[in-house]
Amino acid sequence: MIEVRELTKRYGPTTAVDGLSFQVFRGTVTGFLGPNGAGKSTTMRVLLGLAAPTSGAALVNGRRYAELRRPLCEVGSLLDATAVHGGRTAYDHLRWLARSNGIGVRRVAELLEQVGLAGVARKRVGGFSLGMKQRLGIAAALLGDPGVLVLDEPVNGLDPDGVRWIRRLLRALAGEGRAVLVSSHLMSEMEMTADRLVIVDRGRLIADTSVEELAARFQRGVLVRSPRQGELVGALTAAGASVDTLPDGGLSVSGLDVARIGELAAAQGIPLHEVRPLGASLEEAYLRLTGGDAAEGARQ
Ligand SMILES: Nc1ncnc2c1ncn2[C@@H]1O[C@H](COP(=O)(O)OP(=O)(O)OP(=O)(O)O)[C@@H](O)[C@H]1O
């Protein structure tokens, strides 16, 4: 698992990470969300031993990266997919990584197949698209079959098929019991993939929550439509709900949840044409939590 404890990282006058604490457990995909410049990459760099913390700690399986005996077998990472030697082939790149980390070369072909690069294994990486480089970076991250994965914006540069592929892959990796931390500045990417969300802004923790909890927190009543609206309003208010009529004729009900409203209507034989939680989308919730900066990030 991953444990970030009271982590602070300053670069001169800039505080990139400011007293950040959170955990990433095995068997979950945790989305690490925040606008550009929120401190996500810096946190990941400290986790991976590429930057020293000013104070606090970022631990993998209870240890600092430098203390891991076989780092690639404990934590796989993808930070910058373009940081690959362009003159090497995909196969040679992975074989070199495997050899220098005491990992059997047999795994290389297996991984190239898994990430969909088997057909271009002997091509030079210099000619790869960003999406292909991302796939290669993911293969490298998985080389040591690590229990922990740290991926910085892995969806960047992928086409819609690639995005779906990575979603399924991350879910499968968590399903195998791995702890997956994946950063993004877009909630839309994370709400389909992550179980938990760690949201940061200006280096600080804004929310550490499950996707469901965040949705519930921003829920605003229940939308109900019925051809016998008048009777339904009577039944709902008698049960203690407050009911407003929306401009389009629907009812906005607060004080009762979807299940209770359905039961009340059924008990009175009132048909319902629609009943659903009326809430802010997760994207709206995220934008409200992080102020306007996230909207700026989302546009980039
Ligand atoms: N090596 C560095 N030297 C100086 N400042 C840095 C350095 N690395 C990051 N920063 C600053 O720290 C802050 C956090 O940056 P960081 O890259 O961690 O954010 P981020 O959430 O990953 O954003 P992005 O999605 O844009 O990468 C920013 O203000 C950035 O300019």
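## Around Gly144

Let us start inside the fold: leaving out residues up to four places away in sequence, Gly144 touches Arg70, Leu72, Cys73, Gly76, Asn101 and Ile103. This glycine belongs to the loop between α5 and β6. Gly144 counts as buried because 20 other C-beta atoms lie within 10 Å, and 20 is the number at which a residue is called buried. For a sense of distance, the C-alpha atoms of Gly144 and Arg122 are separated by 21 Å, with the two residues 22 apart along the chain. Please keep in mind that this is a predicted model.

## Two residues with positive phi

Most residues other than glycine have a negative phi. Asp145 is not a glycine, yet its phi is positive, at about 50 degrees. You will find Asp145 in the loop between α5 and β6, the latter covering residues 148-152. Is Asp145 buried or exposed? Asp145 is partly exposed, because it has 14 C-beta neighbours inside 10 Å.

Glu153 also has a positive phi, near 45 degrees, and is likewise a residue other than glycine. Its place is the loop between β6 and α6, where α6 spans residues 160-175. Glu153 has 21 other C-beta atoms within 10 Å, so Glu153 counts as buried.

## The shell around the ligand

Which residues surround the ligand? They are Tyr11, Thr14, Ala16, Gly34, Asn36, Gly37, Ala38, Gly39, Lys40, Ser41, Thr42 and His185. By character, the shell holds three nonpolar residues, eight polar ones and one charged one.

Two elements, β2 (14-24) and α1 (40-47), each provide at least two residues of this shell. The largest share comes from α1, which supplies three residues.

## Nonpolar cores

The largest nonpolar core has 63 residues, and within it Leu94, Ala139, Val180 and Leu181 touch the most other members. Helix α5 (residues 130-142) gives the largest share of this core, with seven residues. Apart from this core lies another one of eleven residues, including Val224, Leu232, Val243 and Val253.

What does Leu181 contact once its neighbours within four places in sequence are left aside? The partners of Leu181 are Ile2, Val24, Thr30, Phe32, Leu149 and Val150.

## The whole chain

Stepping back, the protein has twelve helices and 13 strands. Its C-alpha trace spans about 75 × 45 × 35 Å along the principal axes. Of its 300 residues, 37% count as buried. Taking contacts between residues at least 6 apart in sequence, 68% join residues at least 24 apart.

The protein is divided into domain 1 (2-209) and domain 2 (219-279). Taken over C-alpha atoms, the centres of domain 1 and domain 2 are 45 Å apart. An unreviewed UniProt entry carries the annotation "domain: ABC transporter" for residues 2-227. That span, residues 2-227, is 32% helix and 30% strand, and its end C-alpha atoms lie 52 Å apart.

Notes: Residues are numbered from 1 along each chain as its sequence is written. This is a predicted model: local features need pLDDT of at least 70, side-chain atom pairs count only at pLDDT 80 or more; totals for chains, interfaces and linings use all residues. A residue is near a molecule or strand if its C-beta atom, placed from the backbone, lies within 6 Å of it. Helices (H or I, at least four residues) and strands (E, at least two) are DSSP runs, numbered from the N terminus. Ala, Val, Leu, Ile, Met, Phe, Trp, Tyr, Cys and Pro count as nonpolar, Asp, Glu, Lys and Arg as charged, and the others, Gly among them, as polar. A nonpolar core is a set of buried Ala, Val, Leu, Ile, Met, Phe, Trp, Tyr and Cys residues joined through C-beta atoms within 7 Å. A residue is buried if 20 or more other C-beta atoms lie within 10 Å of its own, exposed if 12 or fewer, and partly exposed in between; C-beta atoms are placed from the backbone. Two residues are in contact if their C-beta atoms, placed from the backbone, lie within 7 Å. UniProt positions are given in the numbering used here, feature names are shortened, and annotations may be inferred rather than shown by experiment. Domain bounds come from an automatic or database domain assignment.
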